[in-house]
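Trainee: Before we look at the model, could you take me through it by question and answer, with the reasoning spelled out each time?

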Amino acid sequence: MITFRNVSKIFYPERTIALANVTFEVQPGEFVSVVGKSGTGKTTIVKILIAETRASEGRVIVGGWDITRIRRSEIPYLRRQIGVVFQDYKLLQKKTVFENVAFALQVSGAGPSRIRRIVPEVLKIVGLSDKHDRFPVHLSGGEQQRVAIARALAHGPKILVADEPTGNLDALNSQEIVALLQKINQIGTTVLFVSHDQTLVNQIHRRVIVLEEGALTSDQPVGRYRLS
Amino acid sequence: MRMLLVLLYRVCRFAWQGFWRNFWLSMVTITIMALAALTVNTLIGLNVVIDSATQCLEKKIDMSVYFDPEVDEPKVIEVKNYLEKLAQVGSVKYVSAAQALQDFRLRHAKDTSILESIEEMAGNPLGATLVVNAHRPDDYPTIVQIIKNSPYRDLVAEENYKDHRQTISEISNVAGRVNRTGVALSVVFILIATLIVFNTIRVAIYTHREEIGIMKLVGASNTFITAPFVIESVFYALCTILLTIVVTFPMLNAVQPYLQNFFTCSPLNLVKYFTDNFTVIVGTQLGGVIALNIIGSSIAIRRYLKV
């Protein structure tokens, strides 16, 4: 589903090495946690996956599509196939829950009837059916992150990338979000969970990829995240 | 096809929201652009007035060829026919000696001493006259030269023409200066208008930067993101031209009576001119303003599309 082959990323002009010769593969339906301290290259992996930045070296393949040298005009199509969730939710404050989720479909040209059908479905998955008409400001952090997940699911992506989705949440809300990601994984979506939260990662009992200073130092099928 | 229509509808709706939510900023932008368009319209009107004034003066130029009193009518008619065949001559009017005397008396009706002197003279002291109209003011010296070199030169007592060329040249000079000032003023206004449009769209884009970022992340194409801003700028252009039309025609109607009194020799109707050339004037201005706005908004949004 996802292949990173000898991928390096160097930021110029400081020549900062964000990723150094990283190689891994993610199979369809896997739940993979990518862990590491801040500044170890976790978010760079996400950015490369959604073509926000390009790898300096190596190859990146997503669903059989080599996106290493993806054309600018192809990026929107890639992003419609990968659902992304960020730490800061990235919700539109002037739109309701329903409108925020619908927005992802609107920009890709989905018709009104499809929007009316899909949005309630994904809101049901994340447990926010009863709050569809609320504005983000009236929701808790956990609920806002659920809206962001619902929006990421709107296109029916095969891959869901969650970049520090629990970073702004308390322990209880974090647990709920991880549980939700696991539920989404169970219905067939490949999940890439990027986090630095040791407790959360260790309770998932799924594959763990560890990054240190841009290099992949550990990749275990049922791994644990140990602080070095 | 249906998807395209849905996208077009959404793009227009987003554009309208942007236009409406920044109402006052939109109004300021439209006003400045309308000022630029009005300056251009004033320049067009001024050109029409100057053209009319020049034509008026050119019509007033004619040349009179005075014959000796003893030259008889058939000979004068022969000269008339000769002149009419010249390429430079537009028309020739024959004024008989009797008519010339009558005209003279009428002209000096209040001057008794002149009238008495005429009465004292035996017979008609005036000869026949040919009033010549040339095609162009520059043709008169050529016609004079042709007469002087013709076999009829001895019949002619005098030829003269009221030389308005100096006046025409002065008007042309003033017109040129007015035109240049007008063009400079228009360019300044257009530049200011362009900068203001550019800035307005930048502000609009800046206030939407978060939305643009999210649009990019959820898979919106650059065209979908850019189009509402471009269409918003087209709304500005349409409102600008509408406002310009609304201001221009009452202005022309207000000025028209004064122009009518001033240009008695040739009817000048600015309202009619603008109505007759409405499509060209409005079409060109609309095209120009839309083009400027599209270029401005496309440049302004470029940096926000790099997410």
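Trainee: Which element gives the largest share of the largest nonpolar core?

Mentor: Bear in mind that this is a predicted model. Its largest nonpolar core holds 103 residues, and those with the most contacts inside it include A:V101, A:V161, A:L192 and B:M33. The largest share of this core, eight residues, is supplied by a helix of chain B spanning residues 222–262, namely α9.

Trainee: What span should the 41 residues of α9(B) have?

Mentor: The end C-alpha atoms of α9(B) are 58 Å apart, and this agrees with the expectation because a rise of 1.5 Å a residue gives an expected span of 60 Å.

Trainee: Where does α9(B) bend by about 35 degrees?

Mentor: A proline, B:P257, is found within four residues after the position of the bend. The bend of about 35 degrees in α9(B) is located at B:Q256.

Trainee: Which residue of β2(A) is the bridge partner of A:V7?

Mentor: Strand β1 (residues 2–11) and strand β2 (residues 16–26) of chain A run antiparallel and are joined by seven bridges. Four residues lie between the strands of this hairpin, where A:R15 takes a positive phi near 60 degrees. Within β2(A), the bridge partner of A:V7 is A:V22.

Trainee: Which helix supplies the largest share of the side of chain A that touches chain B?

Mentor: In this contact, 16 residues of chain A meet 15 residues of chain B, and the residues on the side of chain A comprise six nonpolar, five polar and five charged. Both α2 (75–79) and α3 (97–106) of chain A supply at least two residues of that side. The largest share, three residues, comes from α3(A).

Technical notes
Residues are numbered from 1 along each chain as its sequence is written. Chains are lettered from A and ligands numbered from 1 in the order in which they are written. This is a predicted model: local features need pLDDT of at least 70, side-chain atom pairs count only at pLDDT 80 or more; totals for chains, interfaces and linings use all residues. A nonpolar core is a set of buried Ala, Val, Leu, Ile, Met, Phe, Trp, Tyr and Cys residues joined through C-beta atoms within 7 Å. A residue is buried if 20 or more other C-beta atoms lie within 10 Å of its own, exposed if 12 or fewer, and partly exposed in between; C-beta atoms are placed from the backbone. Two strands pair if DSSP finds at least two bridges between them. The expected span of a helix is 1.5 Å times one less than its number of residues. The bend at a residue is the angle between axes fitted to the seven residues ending there and the seven starting there. Two residues are in contact if their C-beta atoms, placed from the backbone, lie within 7 Å. Ala, Val, Leu, Ile, Met, Phe, Trp, Tyr, Cys and Pro count as nonpolar, Asp, Glu, Lys and Arg as charged, and the others, Gly among them, as polar.
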